[in-house]
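The following exercises are to be worked with the sequence and the model side by side. Each task is followed by a solution in steps.

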Amino acid sequence: GYTPEQKVDDAISWVGSQGNDKPWLLWLAFNLPHYPHHVPEVEGLNSSEIEASDPRAALDVMTARLDQEIGRLLAGIDEETLENTIVVLIGDNGTTGEANDPPFHPERGKFTLYEGGVRVPLIITGPGIPQGEQSSVMVNSTDLFATLIELSGNEVPESLEHDSVSLAPYFANPAASSVRDFIYADTFYEGSGFEEGVFAIRNDRYKLIRWNDHQELYDLAEDPYENSNLLLDGESEAEIAIIEGLENRVLQLRSIYIL
């Protein structure tokens with residue numbers, strides 16, 4: 001069979017067995033879209049005319065099939081249960097480079113710390129969440145922890161150390177300013193740790209990417225696709241101050257985990 005279809009079959013069966021007398025959590029990890037690039041069957045689409053060797057076209061069809069399977073899952077949950085259910089859709093990484101459309105760069109997609117690699121979709125719906133609203137605030141995937149706890153009517157224990165920020169204030173006011181003042185991501189490999197790892201950190205405007213002795217600085221407000229490294233012509237006093245501010249935040253994060 002086709003794995004994404006089998007996963008949804010299992011999910012529908014599991015949800016149906018839970019009843020409505022107690023809360024439940026379903027985590028469904030789709031493997032769509034993903035390598036190997038292929039052209040699945042999609043209702044209403046003649047996919048036989050599309051070649052799997054065309055990564056961009058194959059990605060579109062895989063995403064359409066993902067949409068179809070998500071619709072099937074939601075349709076498989078009874079209406080009363082669905083009305084009292086929080087649904088979260090989030091990507092785990094950006095698009096593979098060979099399937100990137102301009103203005104995204106093909107070498108700055110999945111596996112990189114550029115926006116094409118770390119910026120992902122996040123869609124949330126459910127009780128108390130306004131429909132059709134969008135927000136451009138800074139969000140990290142860890143924020144789902146505090147968000148789901150609050151939306152389910154509970155509180156994060158004060159004694160628990162965590163770095164999750166609840167998104168609930170944005171549901172009450174989608175135009176609210178970002179609670180987070182930075183977002184951090186890193187990648188490190190065997191033989192390296194926090195000190196050697198490649199990292200990216202951004203505030204509401206500037207983003208610093210560092211690996212080994214190389215670093216790049218971007219003004220995401222003016223250059224959201226990271227085409228113009230501000231450090232190509234050297235570091236101005238203003239840019240040095242921006243870099244130092246972002247670096248200090250990284251050092252604070254590392255000290256927490258190293259200790």
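## Exercise 1: The setting of Q215

Q215 counts as buried, because its relative accessibility is 16% and the cut-off for burial is under 20%. The model is a predicted one.

**Task.** Determine where Q215 is placed, and which side chains make polar contacts with the side chain of Q215.

**Solution.**

1. Locate the residue: Q215 belongs to strand β6, which covers residues 214–219.
2. Examine the side chain for polar partners. The side chain of R210 is in polar contact with that of Q215 at 2.5 Å, and a polar contact of 3.0 Å links the side chains of Q215 and E235.
3. Extend the search to contacts in general. With neighbours within four places in sequence set aside, Q215 touches L208, I209, R210, N229, L231, E235, I243 and E247.
4. Relate the partner R210 to the strands: R210 stands opposite Q215 in β6.

## Exercise 2: The sheet around β6

**Task.** State the strand order of the open sheet of four strands, and explain why one side of β3 and of β6 is left without a neighbour in the sheet.

**Solution.**

1. Write down the order: the four strands of the open sheet run β3-β4-β5-β6, and their pairing is antiparallel.
2. Identify the edges. Strands β3 (183–187) and β6 each have a single partner strand, so each has one side without a neighbour in the sheet.
3. Add the twist, which averages 10° from one strand to the next.
4. Consider the pairing of β6: strand β5 (residues 206–211) pairs with β6 in the antiparallel sense, over six bridges.

## Exercise 3: Backbone exceptions

**Task.** Identify where cis peptide bonds join L32 to P33 and P102 to P103, and decide whether F111 and E226 are buried or exposed.

**Solution.**

1. Recall the background: most residues other than glycine have a negative phi, and most peptide bonds are trans.
2. Take the cis bonds. The bond between L32 and P33 is cis, with omega about -15°, and P33 lies in the loop between α1 and α2. The bond between P102 and P103 is also cis, with omega about 10°, and P103 is placed in the loop between β1 (87–90) and α4 (115–118).
3. Take the positive phi values. F111, which is not a glycine, has phi of about 80°; F111 lies in the loop between β1 and α4. E226 has a positive phi near 55° and is found in the loop between β6 and α7 (237–258).
4. Assign the exposure. F111 is exposed, because its relative accessible area is 67% and exposure requires over 50%. E226 is buried, because its relative accessibility is 2%.
5. Set P36 beside these residues: P36 sits in the loop between α1 (3–16) and α2 (55–75) and is exposed at 62% relative accessible area. From P36 to S47 there are eleven residues in sequence and 16 Å in space, C-alpha to C-alpha.

## Exercise 4: The chain as a whole

**Task.** Find how many helices and strands the chain has, and what percentage of its residues is buried.

**Solution.**

1. Count the elements: the chain has seven helices and six strands, in the sequential pattern α-α-α-β-α-β-α-α-β-β-β-β-α.
2. Apply the burial criterion: 33% of the 259 residues are buried.
3. Turn to the surface, where the accessible area is about 16,400 Å² and 51% of it belongs to carbon and sulfur atoms.
4. Describe the extent: the C-alpha atoms fill a box of roughly 60 × 55 × 40 Å along the principal axes.

Key
Residues are numbered from 1 along each chain as its sequence is written. This is a predicted model: local features need pLDDT of at least 70, side-chain atom pairs count only at pLDDT 80 or more; totals for chains, interfaces and linings use all residues. Side-chain values use heavy atoms; hydrogens and water are left out. Helices (H or I, at least four residues) and strands (E, at least two) are DSSP runs, numbered from the N terminus. Buried means under 20% relative accessible area, exposed over 50%, partly exposed in between (1.4 Å probe, protein chains only). A polar contact is a pair of N or O atoms within 3.5 Å; within protein, one must be able to donate a hydrogen and the other to accept it, and residues adjacent in sequence count only if both atoms are side-chain atoms. Contact means heavy atoms within 4.5 Å. Two strands pair if DSSP finds at least two bridges between them. Axes are lines fitted to C-alpha atoms, for helices over the stretch in contact, and angles run from 0 to 180 degrees between N-to-C directions. Accessible areas come from the Shrake-Rupley method with a 1.4 Å probe; for residues, only the protein chains shown count as cover.
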